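Hi,

Here is the structure I said I'd pass on. Have a look at it first, and my notes follow underneath.

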Amino acid sequence: MHGPELTRFVVGIIGNVISGLLFLSPAPTFWGVIKKRSTEEFHPYPYLATVMNCLLWVFYGLPFVHPNSILVITINSGGLALGLVYLTIFIIYTPKAKYRGIILLVLVGELGLLAAIATFTILVFKTYANRSLFVGIICVIFGIIMYASPMSILKQVMKTKSAEFLPFWICVACFANGVVWFAYANIYSFDPFIATGNGIGGLLGLIQLCFWFYYTHIYNKMNPSTCLEDA
């Protein structure tokens, strides 16, 4: 292993570290949930999207779909475990009973969808290239959904004029994760699926950071009267 191949491997290791930080970034939020014994106005959708995204990428990285993808499998296995932990905490502490039903229903649906995709892939496609293409396209779609899921809170951010429920470190991790994996996909052996999903993900992370920065550092200075009313 040398030259571009070594560079790609090193960037992949860095990507694993940053992805790990992305999956860990909700931890302070959920520690606050446990202390307050309430999820308040947080939504479960980003964590449901994370679970489905990780399930699909683990399947994509399996030897009979896309060989030599151990880095993809390891980090997404960890992300899957953490996503399930976050959802368990959400079920316990959400004050909205409807969220419990939504979470359980969506999780069952995600497992059913994965089973259907896996069965179809194995039975219909007989080469690595075709399996990688089919599963890769699906992974891109759900990867974008995962990156976009925190965007569901932006409407509330604009309505309340506050970035309280837009966690800063999740935004940073989304942006950094997208950028690093986009770079990984373009080194040595181009992977259009990793590049597309993470390129768009990096852009969505940047948009979230812009919202956070504006409502945390700029809006209050431009509208001091609003701050006084809130106080």
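Which hand does the crossing of H2 and H4 have, left or right? Left: H2 and H4 cross in a left-handed way. Before I go further, please keep in mind that this is a predicted model.

**Helix packing**

Helix H2 covers residues 27-36, and its axis comes within 10 Å of the axis of H4, with a crossing angle of roughly 25°. Angles under 35 degrees count as roughly parallel, so H2 is roughly parallel to H4. On the H2 side, the contact is made by Ala27, Phe30, Val33 and Ile34, and on the H4 side by Tyr86, Ile89, Phe90 and Tyr93. By class, the contact of H2 with H4 comes out as 8 nonpolar residues, with no polar and no charged ones.

H4 (residues 70-93) also packs against H5 (residues 97-124), here at an angle of about 150° and with the axes 9 Å apart. Anything over 145 degrees counts as roughly antiparallel, and H4 and H5 are therefore roughly antiparallel to each other. The crossing of H4 and H5 is left-handed. H4 brings Leu84, Leu87, Phe90, Ile91 and Ile92 to this contact, while H5 brings Tyr99, Arg100, Ile103, Leu104 and Leu107. The split for H4 with H5 is 9 nonpolar, no polar and 1 charged. Phe90 of H4 is listed in the contact with H2 and in the contact with H5.

**Two buried side chains**

Tryptophan 57 sits in helix H3, which spans residues 45-60. Its relative accessibility is 8%, so tryptophan 57 counts as buried. Leaving out residues up to four places away in sequence, tryptophan 57 touches Val72, Asn76, Cys139, Phe193 and Ile194. There is also a long-range pairing to look at: the C-alpha atoms of tryptophan 57 and glycine 136 are 8.2 Å apart, with these positions 79 residues apart along the chain.

Threonine 121 belongs to helix H5. With 0% relative accessibility, threonine 121 counts as buried. With the same sequence neighbours left out, threonine 121 touches Phe59, Arg131, Phe134 and Val135.

**Cysteines**

How many disulfides are there? The count is 0. Cysteine 54 is in no disulfide, and the nearest cysteine sulfur to it, that of cysteine 139, is 10 Å away. Cysteine 54 has 0% relative accessibility, so it counts as buried. For cysteine 210, the closest cysteine sulfur is in cysteine 171, and at 10 Å it is too far for a bond, because a disulfide needs the two sulfur atoms within 2.5 Å. At 46% relative accessibility, cysteine 210 counts as partly exposed.

**Backbone oddities**

If you plan to check the backbone torsions, there are two residues to go to. Arginine 37 is not a glycine, yet it has a positive phi of about 60°. Arginine 37 lies in the loop between H2 and H3, and its 60% relative accessibility makes it count as exposed. Asparagine 68 also has a positive phi of about 60° without being a glycine. Asparagine 68 is in the loop between H3 and H4, and at 81% relative accessibility asparagine 68 counts as exposed.

Cheers

Note on methods
Residues numbered from 1 in each chain as written. Predicted model: local features only at pLDDT ≥ 70, side-chain atom pairs only at ≥ 80, totals over all residues. Heavy atoms only, no water. Axes fitted to C-alpha atoms, helices over the stretch in contact; angles between N-to-C directions. Helix = DSSP H or I, 4+ residues; strand = E, 2+ residues; numbered from the N terminus. Parallel < 35°, antiparallel > 145°, perpendicular 65-115°, else oblique. Left-handed = near helix turned anticlockwise from the far one by under 90°. Contact = heavy atoms within 4.5 Å. Nonpolar A, V, L, I, M, F, W, Y, C, P; charged D, E, K, R; others polar. Buried < 20%, exposed > 50% of the residue type's maximum accessible area, 1.4 Å probe, protein only.
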